Amino acid sequence: MYRTHTCGELRAGNIDQTVTLAGWVQKVRNLGAMTFIDLRDRYGLTQIAVEEHSPAEARETAARVGREWVLRVTGRVIERESKNPKMPTGEIEVTAERIEVLNEAQTPPFTIEENSDGGDDLRMKYRYLDLRRAPLQRNMILRHKMAQEIRRFLDSEGFLEIETPYLVGSTPEGARDFVVPSRMNPNQFYALPQSPQTLKQLLMVAGYDKYFQIVRCFRDEDLRADRQPEFTQIDCEMSFVEQEDILEVFERWAKHMFRTVMGIEFTEPLRRMPWIEAMEKYGSDKPDLRFGMEFAELTDLAKGHGFSVFDDAEYVVGFAAPGCAVYTRKQIDALTEYVKRPQVGAKGLIWIRLEENGAKSSIDKFYAPDEVRTMAERCGAKAGDLVFILCGKKFKALTQLCALRLEVAQQLGLRDPQKFAPLWVVDFPMFEWDDETQRFYAMHHPFTSPKPEDIEYLESDPGRVRANAYDFVCNGTEIGGGSIRIHDAKLQATIFKCLGFTPEKAQEQFGFLMNAFKFGAPPHGGLAFGFDRLCSLFGGSESIRDYIAFPKNNAGRDVMLDAPSRIDRAQLDELYLELRPAEE
């Protein structure tokens with residue numbers, strides 16, 4: 001056998017045993033009379049000692065090994081003279097009797113240590129080396145353990161894990177599809193699924209009333225830290241349920257994950273927050289509740305005082321930053337520049353400094369001191385706080401102020417990655433209006449059921465209709481979401497009409513689902529959690545790439561495999577494809 005123990009396994013209880021280890025050379029320290037080799041595998045690190053009285057062959061081999069060489073070492077476990085309490089194996093070392101080189105290695109392009117000297121691009125190119133590092137190994141182990149817990153819990157609840165195909169038909173709405181040409185069907189294409197949405201609904205029609213799948217999904221969209229072209233969902237669906245049934249099961253699931261993986265116990269029911277409350281109090285449908293700084297509308301107090309910025313605005317809103325009255329003019333100017341950035345888009349920033357003996361603001365000449373104080377106090381400000389105010393179109397001003405709230409919280413150290421504040425956001429709008437195309441789009445997807453009490457407004461006032469939809473949010477990130485689905489053919493036809501589909505177009509795109517519903521569709525609903533996002537949340541990282549073994553970069557490229565890449569002319573001919581030059 002190649003090894004009797006792993007490099008993280010030996011302890012004081014193994015002293016005087018003869019063992020065989022195998023792994024990679026982390027470091028070599030040649031001290032003349034003695035050589036120490038740190039041997040590493042994914043389980044840990046053990047110090048190998050090669051002494052003066054070690055066999056000559058072992059000494060010769062130790063003298064020439066380098067970093068990342070693959071070795072098999074046989075020797076006796078002894079007590080270390082200089083113990084290392086920071087290492088699990090720090091009480092012992094192995095005196096080498098035999099060292100076998102299993103594979104030599106070139107010097108790696110960066111250090112394979114806890115904190116590497118390699119930049120992101122270099123480590124992405126040599127991802128297989130980066131994955132040897134302890135932080136990445138911990139991430140992969142966390143991901144594995146979470147997947148096992150997910151399966152254990154859902155199996156105990158009677159869910160069946162059922163796979164769905166990766167080659168499907170393209171559907172409109174949502175992000176762009178990745179398409180795959182079909183050689184056997186010339187000039188026709190598969191699409192890679194953005195999610196198994198319609199397929200899991202068909203499984204409900206088929207009678208599999210509790211389905212789940214840890215599934216790969218694909219979306220051709222611009223990337224960022226928490227988005228990849230291929231990602232993993234925990235996809236779930238249930239039959240004969242209402243919204244409360246689904247939230248009850250998956251709230252217990254979420255608490256189970258926090259308890260078993262993180263050791264965190266949530267004993268109280270999770271907060272349920274309507275979408276409109278989330279927007280008006282936090283400027284986001286994924287509010288970060290680890291800290292306060294709730295918004296307050298100031299429109300009635302701000303208008304009518306001759307300050308045209310407020311008088312001409314649809315909405316005026318602000319929040320109080322605790323203890324920030326000490327901010328200097330330079331700090332306030334920096335925050336003003338922050339909200340003016342294109343990513344935020346505000347034109348300026350109004351502030352009020354509340355002190356024990358009065359209030360000072362950037363709008364003093366338009367408002368009496370007591371009027372300024374009244375605005376500050378409505379925002380919940382106390383002496384020593386600084387109030388920030390923005391205005392404009394309602395939801396634009398709210399989202400701009402949300403960006404500022406998060407930036408201020410970051411500066412104040414309030415966004416602690418070790419603290420968790422999960423909640424459900426419910427009662428989303430059914431549709432969102434797009435000014436460019438002058439039409440409504442489904443905020444979730446076309447199969448989301450409206451609130452029964454809002455169905456009467458579908459054709460007369462679609463913007464008023466709320467959806468039977470819900471998101472699971474934690475620390476300012478949407479971790480998952482779903483809805484109760486439409487199972488009534490007439491209601492589905494009305495929704496398609498609201499979204500601008502002709503009956504013919506709806507039949508062309510979704511006929512397979514609509515036809516299936518004619519054969520008895522049960523009431524059903526479900527949700528999907530972003531598995532990569534959940535891993536990064538539990539692991540304390542802002543980027544999901546740290547929890548994906550082989551991720552893409554921000555341009556959607558795999559720099560390790562150099563993909564995407566060009567294909568041969570013969571392959572193009574076989575697929576009946578012609579290429580045209582890329583537009584400048």
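The following questions and answers walk through a predicted model, from its barrel and open sheet to its cores, one helix and a few single residues.

Visitor: In what order do the five strands that close into a barrel follow one another?
Guide: The pairing in this barrel is mixed, and neighbouring strands of the sheet are turned by 55 degrees against each other on average, with direction ignored. Going round the closed barrel, the strands follow the order 1-2-3-5-4.

Visitor: How many bridges join strand 1 to strand 4?
Guide: Strand 4 covers residues 70-79 and runs antiparallel to strand 1. One of the pairs can be named, since the bridge partner of G23 in strand 4 is L71. The number of bridges joining strand 1 to strand 4 is seven.

Visitor: Which residue in the hairpin of strand 1 and strand 2 takes a positive phi?
Guide: Strand 1 and strand 2 pair in the antiparallel sense over six bridges, and in strand 2 the bridge partner of N30 is T35. The hairpin has four residues between the strands, and the positive phi, near 90 degrees, belongs to G32.

Visitor: Which residue of strand 5 is the bridge partner of A49?
Guide: Strand 3 (residues 44-50) and strand 5 (residues 92-103) run parallel and are joined by two bridges. In strand 5, the bridge partner of A49 is T95.

Visitor: What angle does the direction of helix 1 make with that of strand 5?
Guide: Helix 1 (residues 56-64) packs on the sheet, where it touches strand 1, strand 2, strand 3 and strand 5. Taken against the direction of strand 5, the direction of helix 1 makes an angle of about 70 degrees.

Visitor: Is T111 buried or exposed?
Guide: T111 has its place in the loop between strand 5 and helix 2 (120-125). Leaving aside neighbours within four places in sequence, T111 is in contact with R67, S116, D117 and R133. Because its relative accessibility is 18%, and the limit for this class is under 20%, T111 counts as buried.

Visitor: Which helix gives the most to the largest nonpolar core?
Guide: This core holds 39 residues, of which F250, W253, W424 and F529 touch the most other members. F250, not counting residues up to four places away in sequence, touches L154, F159, C236, M238, W424, L527 and F529. A second, separate core of 33 residues includes M273, A421, L458 and V465. The helix that gives the most to the largest core, with eight residues, is helix 6.

Visitor: What distance does helix 6 reach from its first C-alpha to its last?
Guide: Among the buried residues of helix 6 are F250, W253, H256 and F258, and the helix is followed by G263, whose phi is positive, near 70 degrees. Helix 6 has 20 residues, for which 28 Å is expected at 1.5 Å a residue. Close to that expectation, the reach from first to last C-alpha is 27 Å.

Visitor: Which cysteine has the sulfur nearest to that of C474?
Guide: The count of disulfides comes to zero, and C474, with a relative accessible area of 0%, is buried. C498 also counts as buried, at 17% relative accessibility. C474 is in no disulfide, and the nearest cysteine sulfur, 14 Å away, is that of C535.

Visitor: Which strands are the edge strands of the open sheet?
Guide: The open sheet has five strands in the order 12-13-16-14-15, with antiparallel pairing. An edge strand here pairs on one side only, and this holds for strand 12 (296-297) and strand 15 (358-361).

Visitor: Which residue stands opposite A359?
Guide: A359 lies in strand 15, which pairs with strand 14 (residues 350-355) in the antiparallel sense over four bridges. Leaving aside neighbours within four places in sequence, A359 is in contact with I352, R353, L354, V372 and R373. The residue that stands opposite A359 is L354.

Visitor: What distance separates the C-alpha atoms of A359 and Q343?
Guide: A359 is partly exposed, with a relative accessible area of 22%. A359 and Q343 are 16 residues apart along the chain, and their C-alpha atoms are separated by 31 Å.

Notes
Residues numbered from 1 in each chain as written. Predicted model: local features only at pLDDT ≥ 70, side-chain atom pairs only at ≥ 80, totals over all residues. Heavy atoms only, no water. Core = buried A, V, L, I, M, F, W, Y, C linked by side-chain atoms within 4.5 Å. Buried < 20%, exposed > 50% of the residue type's maximum accessible area, 1.4 Å probe, protein only. Contact = heavy atoms within 4.5 Å. Pairing = 2+ DSSP bridges. Axes fitted to C-alpha atoms, helices over the stretch in contact; angles between N-to-C directions. Disulfide = S-S within 2.5 Å. Expected span 1.5 Å × (residues − 1).
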